[in-house]
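Work through the exercises below with the structure open. Try each task before you read its solution.

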Amino acid sequence: GGIGMDRVRQNGGTFGIISAVVLAVLFLLILTSGFTPNVAADPSQALKFIQESGARWLLSGVLGGLGSLLAVVFTAGLYRVLREKAPTRAYAVLLFGVLGSGGYALSSLAQWVGGAQVAGTADAVAAAHAWVAVNAMVSTFGAFANAFVGAALLSAGWAITSSRALSSALGWLAYLAGIASVLGLFTTNPAVFLGSFVLIIIWLAWAGWEMRR
């Protein structure tokens, strides 16, 4: 029924907005933390940073995982919105979106839990080697997430612009965010990372708001 569909659509929209808020807080934490790719690449700097961050490191990990999980519920709602007019692309959005969100959650958890464990190791040499492994794992999960979230956004953009299930401007935003996500696979430039992060936050908030209408 229509009532069930409306509920899935509206709940998905609500979760999209909450996810956008959670990720916006995370974005501000990352932006003001000073934990740049250069710091992450230097074990001694990275481990010193984690030891000094304390609760902030924990909060970043929790927000990253939570924002990703909320985005899964949003993706289910978006699937319901697109399913009738663009069924194949709707399935692609659902599958790619869930896989990509899972990748981001794993990346956040690996960085938060793995980083904290390594930073608590007494042997500095062993800790430095272990951090290199943790950082490589975080990057791998991040690349997996970028690929699948990028594919989900491009599929959503195509479905929205062709079916007009949501506003075409939102479809074009999905294309932009998708391209930025895929670009993240090929560069470690912080501007690309931050740009794609902002576009995804705006996309979640805007799509969530439209889905609730």
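## Exercise 1: Asn-135

At 17% relative accessibility, Asn-135 counts as buried. The model used here is predicted.

**Task.** Find the element that holds Asn-135, and list what Asn-135 touches.

**Solution.**

1. Start with the burial call. The cut-off for buried is under 20% relative accessible area. Asn-135 has 17%, so Asn-135 is classed as buried.
2. Place the residue. Asn-135 sits in helix 6, which covers residues 124-163.
3. List the neighbours. Leaving out residues up to four places away in sequence, Asn-135 touches Ala-40 and Ala-41.
4. Look for polar atoms. A polar atom of the Asn-135 side chain lies 3.4 Å from the backbone oxygen of Ala-40. The distance cut-off for a polar contact is within 3.5 Å.

## Exercise 2: Overall build

**Task.** How many helices and strands does the protein chain have, and does its radius of gyration agree or disagree with that of a compact globule?

**Solution.**

1. Count the elements. The protein chain has eight helices and zero strands.
2. Read the order from the N terminus. The pattern is α-α-α-α-α-α-α-α.
3. Check the radius of gyration. A compact globule of 213 residues would have a value near 17 Å, and the protein chain has 18 Å, which agrees.
4. Add the box. Along the principal axes, the C-alpha atoms fill roughly 60 × 30 × 25 Å.
5. Take the burial total. Of the 213 residues in the protein chain, 44% are buried.
6. Take the surface. The protein chain exposes about 10400 Å², and 69% of that comes from carbon and sulfur atoms.
7. Finish with contacts. Among contacts between residues at least 6 apart in sequence, 77% join residues at least 24 apart.

## Exercise 3: Aromatic pairs

**Task.** Classify the ring pair Phe-96 and Phe-148 as stacked, tilted or edge-to-face. Then do the same for Phe-193 and Phe-197.

**Solution.**

1. Set the scene. The whole structure holds eleven aromatic pairs.
2. Take Phe-96 and Phe-148. Their ring centres are 6.0 Å apart and their planes stand at 50 degrees, so the pair is tilted.
3. Locate these two rings. Phe-96 is in helix 5 (residues 87-119) and Phe-148 is in helix 6. They are 52 residues apart, and the pair links distant parts of the chain.
4. Check exposure. Phe-96 is partly exposed at 28% relative accessible area. Phe-148 is also partly exposed, at 23%.
5. Turn to Phe-193 and Phe-197. The centres are 5.7 Å apart and the planes stand at 75 degrees, so this pair is edge-to-face. The cut-off for that class is over 60 degrees.
6. Locate them. Both lie in helix 8 (residues 190-212), four residues apart, about one turn of the helix.
7. Check exposure again. Phe-193 is partly exposed at 45% relative accessibility, whereas Phe-197 is buried at 11%.
8. Look beyond pairs. Phe-35, Phe-49, Trp-57 and Trp-131 form one aromatic cluster.
9. Add a charge over a ring. Arg-89 lies over the face of Trp-158, at 4.6 Å from the ring centre.

## Exercise 4: Two helix residues

**Task.** Is Ser-107 buried or exposed? Is Ala-124 buried or exposed?

**Solution.**

1. Place Ser-107. This serine is in helix 5.
2. Classify Ser-107. Its relative accessible area is 12%, so Ser-107 is buried.
3. List its contacts. Beyond four places in sequence, Ser-107 touches Val-138, Phe-141 and Gly-142.
4. Span part of the chain. The C-alpha atoms of Ser-107 and Ala-119 are 17 Å apart, with their positions twelve residues apart along the chain.
5. Place Ala-124. This alanine is in helix 6.
6. Classify Ala-124. Its relative accessibility is 57%, so Ala-124 is exposed.
7. Span helix 6 residues. Ala-124 and Asn-146 are 22 residues apart along the chain, and their C-alpha atoms are separated by 32 Å.

## Exercise 5: A positive phi

**Task.** Where does Arg-164 lie, and what is its phi?

**Solution.**

1. Place the residue. Arg-164 lies in the loop between helix 6 and helix 7 (168-183).
2. Read the angle. Phi of Arg-164 is positive, about 55 degrees, although the residue is not a glycine.
3. Classify exposure. The cut-off for exposed is over 50%. Arg-164 has a relative accessible area of 56%, so Arg-164 is exposed.

Definitions and conventions
Residues are numbered from 1 along each chain as its sequence is written. This is a predicted model: local features need pLDDT of at least 70, side-chain atom pairs count only at pLDDT 80 or more; totals for chains, interfaces and linings use all residues. Side-chain values use heavy atoms; hydrogens and water are left out. Helices (H or I, at least four residues) and strands (E, at least two) are DSSP runs, numbered from the N terminus. Buried means under 20% relative accessible area, exposed over 50%, partly exposed in between (1.4 Å probe, protein chains only). A polar contact is a pair of N or O atoms within 3.5 Å; within protein, one must be able to donate a hydrogen and the other to accept it, and residues adjacent in sequence count only if both atoms are side-chain atoms. Contact means heavy atoms within 4.5 Å. Rings of Phe, Tyr and Trp (its six-membered ring) pair if their centres lie within 6.5 Å; planes under 30 degrees apart count as stacked, over 60 as edge-to-face and the rest as tilted. A charge sits over a ring if NZ of Lys or CZ of Arg is within 6 Å of the ring centre and within 35 degrees of the ring normal. The radius of gyration is taken over C-alpha atoms; the globule rule is 2.2 Å times the number of residues to the power 0.38. Accessible areas come from the Shrake-Rupley method with a 1.4 Å probe; for residues, only the protein chains shown count as cover.
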